[in-house]
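Here are a few exercises to work through with the model open beside you. Try each task before you read its solution.

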Amino acid sequence: MSQQTYRYNRDNATRIAGVTSLKDAIGQLLKAYQLQGRFNETYLEAFWGRMMGPAIATRTKRLYVRDGKLYIELSSAPLRNELVNAKQKLIQLVNRDMGSEVITDVIFI
């Protein structure tokens, strides 16, 4: 038996009507099983450094989301004071970046 190699055929690469993309299928799956909220919380935890930048990310000791509240433990007291003063702006920034209301409050521990 000879092994046949795969060759990309551009003519066969068109999308067929009624076929859902993988991204849409995963989105529908998350909604159907009511996992979208937990997925967003996990995404926030995983991409905190990209959202907030290296200055804040390197000074963040611990970060987690529970019941719509973002818990942050920071190693820098001055940074903590700055973020406490800008709490509402932080909530808006995170929610805007996530595309939905993921957090309602920020608690500094």
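**Exercise 1.** Find where Arg-59 sits, and work out which residues it contacts beyond its sequence neighbours.

*Solution.* Start with the backbone: Arg-59 is in the loop that links helix 4 (54–57) to strand 1 (60–66), where helices (H or I, at least four residues) and strands (E, at least two) are DSSP runs, numbered from the N terminus. A quick note on the ground rules: this is a predicted model, so local features need pLDDT of at least 70 and side-chain atom pairs pLDDT 80 or more, while totals for chains, interfaces and linings use all residues. Residues are numbered from 1 along each chain as its sequence is written, and side-chain values use heavy atoms, with hydrogens and water left out.

Next, look at the surroundings. Setting aside neighbours within four places in sequence, Arg-59 touches Glu-73, Leu-74, Ser-75, Ser-76 and Leu-79 (contact means heavy atoms within 4.5 Å).

Last, check the exposure. Arg-59 is partly exposed because its relative accessibility is 37% (buried is under 20% relative accessible area, exposed over 50%, partly exposed in between, with a 1.4 Å probe and protein chains only).

**Exercise 2.** Work out how strand 2 is joined to strand 1 and to strand 3.

*Solution.* Take strand 1 first. Strand 2 (residues 69–74) runs antiparallel to strand 1, with 6 bridges between them; two strands pair if DSSP finds at least two bridges. Val-65 faces Leu-70 of strand 2. The two strands make a hairpin with 2 residues in between, and Asp-67 in that turn has a positive phi of about 50°.

Now go to the other partner. Strand 3 (residues 105–108) runs parallel to strand 2, and 4 bridges hold the two together. One to look up: Lys-69 has Asp-105 in strand 3 as its bridge partner.

**Exercise 3.** Find the aromatic pairs in the whole structure and classify them.

*Solution.* The search turns up 2 pairs; rings of Phe, Tyr and Trp (its six-membered ring) pair if their centres lie within 6.5 Å, and planes under 30 degrees apart are stacked, over 60 edge-to-face and the rest tilted.

Tyr-43 and Phe-47 have ring centres 4.5 Å apart and planes at 35°, so this pair is tilted. Tyr-43 is partly exposed at 32%, and Phe-47 is partly exposed at 27%.

Tyr-64 and Tyr-71 are stacked, 4.9 Å centre to centre with 15° between the planes. Now for burial: Tyr-64 is partly exposed at 24%, whereas Tyr-71 is buried at 18%.
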